[in-house]
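Open your viewer and get ready to click along. This tour goes stop by stop, telling you what to select and what you will find there.

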Amino acid sequence: MGIDLRKPIKLVVLYFSAAAVGWLFMKIGMPLPFMIGPMLFSALLYVSGLARQPVTAKTRPFGQMIIASTVGLAFTSDALAIAMEMAPIMVGLTLLTGINAVVVSILLKRFSNLDYPTALLCTMPTSPVEAVVVAEKFGLNRGLVVLSQTIRIASVVVLIPIALYIADGWPGNSGRGLGSANSFDLGGVILLSISALVGGVLFKVVRLPNPFFFGALLSAAVVSSSGLHVTPYPYIVLAGAQVVLGSWLGSVFTKDLFWRGGKLTLALSVSMLGFILFTCATAIAFAHLIDQPWETMVLSAAPGGVTEMALTAQFLGYDVALITSFQIVRICILMPGIHWFIAAARRLEIGRSA
C-alpha cells in the first residue's frame, strides 16, 4: 500500500503560500510580516472553508524553539539584574491585568447570557490548549473557550504591533530588531540551536508548561549570559519560524467554529477587543507611574502569547528581556491559578442560584 502524500503536500503548499503573503507584507512595510501575513492568510482560507485540513501542531515546537532561543540572546547578566529589580512591579501589573479580565468577564456574562465560569475562562489570558483542559475538567463549552482565546491572541498579534508601529512612525522601524540582517556564524548558530533543543526536550520530559518555548528560552538565556559564543539565526530561519506559527494560529479559525456562534461570536470578539483596550490603557497609566516607556509597558501587559510579544518587542526594537520577563511573571501567576479561579466562579454561580 502506497504512502498518502496529499496531506504533507497540502501543508507545504500552505506554508509556501503563507510565506509569499508574508513577503508582500514585508514589502509594504507591515510589522511582523511573516507572522501577521501568514496568520491572516491562513485564517481567511479556513474561515471561508477553502481549506479544511488541520495544520498539524507537530511543526509548532520548531517555530517556538527558534524564536524562544533568539529571545534568550537578550538575557545578558545586566538585563537579568534589571528584571529582578523590577519583580514587584511585574507582579503589580499582572494583578491589574487579572482585574481587567474579571471586569470584562462580568460584562461578557451579562451581554451573552453565558454562565460565569465559561465567561471567565473565555477571558482569562492563558493558552488555548490550557483553556481546553480546564473546560473539559469543569464541563464547559470547549468550542466557545477555544474561539475566545484564539480571538484574543490573534487580535493582540495583529493590533498591538501595528498600533505601536504607527505610533513610532510607519515604516521607520522596519530596519530594527528582527528586520536587520545578521552576520552569519555557523558555530554560534549551532550552539544556539543545541541549547534550544536541549532546553525544550528537558522541559518536555519533566512536563513543564509550554516546554518548547520556556525551555528553549531559559537554556539560551543561560548560555548567552554565561558568555559563550552564540549568534542569532539567519533572518530566513526566523521568517520560517514565524510562517509556521502564524499559519497554525490562523488555521484555528475553522468555518464551523467561527460562523456557528452568530451573535455569541460577535460578543466574544467585542469582549476580547475591550479586554485588550482596557489592558493597554492600564499599562499606559502604569508606565507613567513607574517612569517607563509606555510602549514597553503595553507589550509587557499585552494579553497575548509570550512568543508573539517577545517577537514583537525584538522586531520593534524594545527591551526584549524586560518585556519577556513581564510576560513570564504573568503566566507563572495566572496560569497555575486558572483552575482555582474557575472553581471559585462555579461556587459563586451555584451560591447565587441556590
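Before the first stop, keep in mind that this is a predicted model.

**Stop 1: two annotated spans.** Select residues 212-229. The chain here is 78% helix and 0% strand, and the C-alpha atoms at the two ends are 22 Å apart. Now move on to residues 235-254, where the end C-alpha atoms lie 31 Å apart. This second span is 85% helix, again with 0% strand. Both belong to a list in an unreviewed UniProt entry, which annotates them as "transmembrane region". If you would like to colour the rest of that annotation, add 9-26, 89-108, 144-166, 186-205, 266-290 and 320-342.

**Stop 2: a nonpolar patch on the surface.** Select Leu96, Ile99, Val103, Leu107, Phe111, Leu277 and Phe278, and show their side chains. Together they make a nonpolar surface patch of about 660 Å². Helix 5 and helix 13 are the elements that each give two or more residues to it, and helix 5 has the largest share, with 5 residues. Click on Leu277, which sits in helix 13. Is Leu277 buried or exposed? Its relative accessible area is 57%, so it counts as exposed, the cut-off being over 50%.

**Stop 3: Asn100.** Stay with helix 5 and pick Asn100, which lies in that helix. Asn100 has a relative accessible area of 12% and is buried, because buried means under 20%. What does Asn100 touch beyond its neighbours within four places in sequence? Show Phe275, Phe278, Thr279 and Thr282: these are its contacts. You have already met Phe278, as part of the nonpolar patch.

**Stop 4: two loops with a positive phi.** Go to Asn113, in the loop between helix 5 (87-112) and helix 6 (116-123). Its phi is near 65°, a positive value in a residue other than glycine. Most residues other than glycine have a negative phi. Asn113 is exposed, at a relative accessible area of 73%. Next, jump to Asp291, in the loop between helix 13 (263-290) and helix 14 (294-301). Asp291 also has a positive phi, near 60°, and it counts as exposed at 69% relative accessibility.

**Stop 5: helix 6.** Go back past Asn113 to helix 6. How many of the residues of helix 6 are buried? The count is 8 of 8, so the helix is mostly covered. Select Tyr116, Pro117, Thr118, Ala119, Leu120, Leu121, Cys122 and Thr123 to see the buried set.

**Stop 6: the largest nonpolar core.** Leu121 leads you inward: it is one of the residues with the most contacts inside the largest nonpolar core, along with Ile160, Leu299 and Ile342. That core has 115 residues, and helix 8 (residues 142-168) supplies its largest share, 14 residues. Now centre the view on Leu299. Not counting residues up to four places away in sequence, Leu299 touches Ile160, Leu164, Met309, Thr312, Ala313, Tyr318, Ile323 and Gln327.

**Stop 7: a distance to try.** Finish at Ala57, in the loop between helix 2 (33-48) and helix 3 (60-72). Ala57 is partly exposed, at 43% relative accessibility. Draw a line from its C-alpha to that of Val189: the two residues are 25 Å apart in space and 132 residues apart in sequence.

Methods. Residues are numbered from 1 along each chain as its sequence is written. This is a predicted model: local features need pLDDT of at least 70, side-chain atom pairs count only at pLDDT 80 or more; totals for chains, interfaces and linings use all residues. Side-chain values use heavy atoms; hydrogens and water are left out. UniProt positions are given in the numbering used here, feature names are shortened, and annotations may be inferred rather than shown by experiment. Helices (H or I, at least four residues) and strands (E, at least two) are DSSP runs, numbered from the N terminus. Buried means under 20% relative accessible area, exposed over 50%, partly exposed in between (1.4 Å probe, protein chains only). Patches are made of residues with over 30% relative accessible area and no salt bridge: like charges are joined within 9 Å, nonpolar side chains (Val, Leu, Ile, Met, Phe, Trp, Tyr) within 5 Å. Accessible areas come from the Shrake-Rupley method with a 1.4 Å probe; for residues, only the protein chains shown count as cover. A salt bridge is a side-chain nitrogen of Lys or Arg within 4 Å of a carboxyl oxygen of Asp or Glu. A nonpolar core is a set of buried Ala, Val, Leu, Ile, Met, Phe, Trp, Tyr and Cys residues joined through side-chain atoms within 4.5 Å. Contact means heavy atoms within 4.5 Å.
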